[in-house]
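Got your viewer open? Let's take a walk through this model, one selection at a time.

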Amino acid sequence: MLSLLLPSHSGPNLPSAPLSGSRWVTAWSFAPVPVLTVVISVTIYLYGVHRMRVAGNRWPLNRTFAFCWGMGLILLAIASPLDTYDEVLLSVHMVQHMLLAMVAPIFLALGAPVTLALRTLPAGGRRVLLSVVHSRVAQALTFPVVAGAIFIANPFALYFSGYYEQTLRHPWLHDLNHLHFVLVGLLWYVPLLGIDPVRRRPEYPFRVIAAFMTLPFHAWLGVAIMSMNTLIAGDWYTAQHRAWGASPLSDQRTAGGILWTSGDLFGLIVFAVLFVQWMHASEREAKRVDRQLDRRDAEEARRAALNEALARAATREAGASPVAFPDA
């Protein structure tokens, strides 16, 4: 069915040399649509930041940096030699997968693009965006249990079905798979780490538990791929007849090892971000409670001063001499 709907090719454009040395400089590829999508996204975001400053409103620099860094990681994944070799080596594809699904979405979520849009769009645009954010579909997809389940199940469904090989055979499906990685990552990281408005955002202890619970699944998937004796997308990789590099099965085991080890590493990044956010939230809550206590103390002091003044006035009135009236 896919072959009727999408353009396909029977094999990759096989590079003539392994990915090493100068190939990291010379093997870049710039597919117009994905690269333009990244450039346009960054341009729109920076224009929104500019509009905030022109209006005299402050937009945190760290959010701008986070968003641009996230988009830069996406560009690295889709234009660097990682993209040139991702159809040839499963290990390279796995690095690309981790960048798109587990690293870049963290920084995009911290960049709060929806919040920026809500502050800069005209009234009509804000209403449309809010209707999307508050829609039942958005609420369901960003509900932590649902988002976590999708995040966990996604790579299992990709690599243990025929879908992954189809993404290799159909260029447009290949690009859509890259977008799919980013969107699935955002579904999980926006309610977990993000700043943008999300209903049912769990409290920080539950976020830490949820992040901890997702770690073993990527490790299990990595171990499962490492222990397989059959090739994922075997028809595709065996048809390459590469004269360089590791065998397809050896490369697949390397890919499983990358998934196994990097999942824990990127999990540490998530825990670090959660820890910092939790500390800042605790500081803000402490300041809020201090302000509330200060207001209460000021109100009590005002009432005490008023009661004291009324008491002094009553004392003066009680101690005044009675007025004598002449006899009739």
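## Start at the beginning of the chain

Select residues 1–6: pLDDT, the predictor's confidence in each residue from 0 to 100, stays under 50 here. For this stretch the model has seven contacts beyond four places in sequence, a contact being heavy atoms within 4.5 Å. This is a predicted model, where local features need pLDDT of at least 70, side-chain atom pairs count only at pLDDT 80 or more, and totals for chains, interfaces and linings use all residues. Residues are numbered from 1 along each chain as its sequence is written, and side-chain values use heavy atoms, with hydrogens and water left out.

Now colour the whole chain by pLDDT: the mean is 84, and 89% of residues reach 70 or more. Among the elements, helix α1 (residues 2–5) has the lowest mean, 42, and α4 has the highest, 94. Helices here are DSSP runs (H or I, at least four residues), numbered from the N terminus.

## Next stop: Arg63

Hop over to helix α4 (residues 61–79) and pick Arg63. Is Arg63 buried or exposed? Arg63 is buried, meaning under 20% relative accessible area with a 1.4 Å probe, protein chains only (exposed is over 50%, partly exposed in between). Arg63 has no salt bridge, which would be a side-chain nitrogen of Lys or Arg within 4 Å of a carboxyl oxygen of Asp or Glu. The nearest side chain of opposite charge, Asp196, is 6.9 Å away. Show the contacts of Arg63 outside its neighbours within four places in sequence, and you'll find Tyr45, Leu110, Gly111, Ala112, Thr115 and Ile195.

## Two odd loop residues

Most residues other than glycine have a negative phi. Try Ala233, in the loop between α13 and α14 (234–238): its phi is near 55°, a positive value. Ala233 counts as buried because its relative accessibility is 9%.

Then jump to the loop between α14 and α15 and select His241. Its phi is also positive, about 55°, but His241 counts as exposed because its relative accessibility is 67%.

Definitions and conventions. Lys and Arg count as positive and Asp and Glu as negative; His and the chain ends are not counted.
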